[in-house]
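The following exercises are to be worked with the sequence and the three-dimensional structure at hand. Each task is followed by a solution in steps.

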Amino acid sequence: MRKPLVVALCALAFAGAGATPAVASAPTPTGADTATDTAPATLTDVVDGVAGTAADALSGLTAPREGAVNFAGTVSLSNCSGSVVRMPGSADDDPALVLTNGHCLESGFPAPGQVLVDRASSRTFGLLNASGSKVATLRADRLVYATMTDTDAAIYRLGTTYAQIRSAYGIDALKLSGTRPAAGTAISVVSGYWKRVYNCSVDGFAYRMKEGNWTWKDSVRYTSACNTIGGTSGSPVVDGATGQVVAVNNTGNEDGERCTVNNPCEVDENGQVTVRQGINYAQQTYLFPACFGVDNKLDLSASGCVIPKP
């Protein structure tokens, strides 16, 4: 899984030399910083500030073309990326939702089999505009759902509606697709943490993907052009044709190891294991809309809702 560690020296070197892009250090087992938002903030603030400087420079190399996928509606977290999303049935006056990875939780990594629902949260998110500039800090009031079982996703509820965000900042939420993506689909992985867009295609799907103690189902495998790095965890994977979110970026095989932390492996229906070093993955999100009803409320008993339950 993907994570930025203490990148200050790397980022400072980038800022001084102006030539070599900053690259995050190797991720921990989950690709996320497990410190809570109330932990000592000085180190986090320094890292975020310096990494943000490097990310600003990187964004100049990946500025979105007119009409192309851009950063509007994406967010930066203290340790990951994410996006403000709306379900197909969401209303403008519903409280807005933020999508990221389950392994990006400020409280630590959900254990295999664990599903977290309706927890208090005051997590903050930096809202980006189309060019990747931070225009606001949004705050959650609830962690609606999070797990690392079958998928790797977390959904927060904000204390702000979609209409309020649009009125104040001119930014619309990204729409979550209710349709499974197809192999060959052109996609963009949009990282709010690094302010960087990766463009590639859906290469195929992993029936099961194992990383350490976690197992995920029907994972999206990218073509090699999406060479995501630490800090891109939680980035929305956007269908280039529809502009809708079809997955959430979460991991990649770094060292060619077999089914270990930071080295996920694919397992097919017959139990055959395949290792693809340097290839990165995402978890599909089309199952989530069936689980959200009126006022963006989670309803795990709703017809068609098949995501893991507590």
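**Exercise 1. Two aromatic pairs**

Task: Establish whether Tyr145 is buried or exposed, and then describe the ring pairs formed by Tyr145 and Phe288 and by Phe125 and Tyr156.

Solution.

Step 1. Tyr145 has a relative accessibility of 0% and therefore counts as buried, where buried means under 20% relative accessible area, exposed over 50% and partly exposed in between (1.4 Å probe, protein chains only). The model is a predicted one, in which local features need pLDDT of at least 70, side-chain atom pairs count only at pLDDT 80 or more, and totals for chains, interfaces and linings use all residues. Residues are numbered from 1 along each chain as its sequence is written, and side-chain values use heavy atoms, with hydrogens and water left out.

Step 2. Rings of Phe, Tyr and Trp (its six-membered ring) pair if their centres lie within 6.5 Å; planes under 30 degrees apart count as stacked, over 60 as edge-to-face and the rest as tilted. By this rule there are 3 aromatic pairs. In one of them, the ring centres of Phe125 and Tyr156 are 5.3 Å apart and the planes stand at 65°, so this pair is edge-to-face. The pair links distant parts of the chain, with Phe125 in strand E5 (residues 124-128) and Tyr156 in strand E7 (residues 153-161), 31 residues apart; helices (H or I, at least four residues) and strands (E, at least two) are DSSP runs, numbered from the N terminus. Phe125 is buried because its relative accessibility is 1%, and Tyr156 is buried because its value is 0%.

Step 3. For Tyr145 and Phe288 the centres lie 5.8 Å apart with the planes at 75°, so this pair is edge-to-face. Here too distant parts of the chain are linked: Tyr145 belongs to strand E6 (residues 134-147) and Phe288 to the segment after strand E16 (280-284), 143 residues apart. At 1% relative accessibility, Phe288 counts as buried.

**Exercise 2. The surroundings of strand E2**

Task: Determine which strands pair with E2 and how many of its residues are buried.

Solution.

Step 1. Two strands pair if DSSP finds at least two bridges between them. E2 (residues 81-86) pairs with E1 (residues 74-76) in the antiparallel sense over 3 bridges. A hairpin of 4 residues joins E1 to E2, and Ser76 stands opposite Ser81.

Step 2. E2 also pairs with E3 (residues 95-100), antiparallel and over 3 bridges. With E8 (residues 174-175), E2 runs parallel and shares 2 bridges. Val85 faces both partners, standing opposite Leu97 in E3 and Leu174 in E8.

Step 3. In a regular strand the side chains alternate between the two faces of the sheet. In E2, Ser81, Ser83 and Val85 on one side and Gly82, Val84 and Arg86 on the other are all buried, so that 6 of 6 residues are covered in this way.

Step 4. The charged end of Arg86 sits over the ring of Tyr162, 4.8 Å from its centre; the criterion is NZ of Lys or CZ of Arg within 6 Å of the ring centre and within 35 degrees of the ring normal.

**Exercise 3. The place of Val238**

Task: Locate Val238 and identify which residues it touches.

Solution.

Step 1. Val238 lies in strand E12 (residues 236-239) and is buried because its relative accessibility is 4%.

Step 2. Leaving aside residues up to four places away in sequence, Val238 is in contact (heavy atoms within 4.5 Å) with residues including Val69, Ala186, Ile187 and Gln244. The C-alpha atoms of Val238 and Ala186 are 8.6 Å apart, although 52 residues separate them along the chain.
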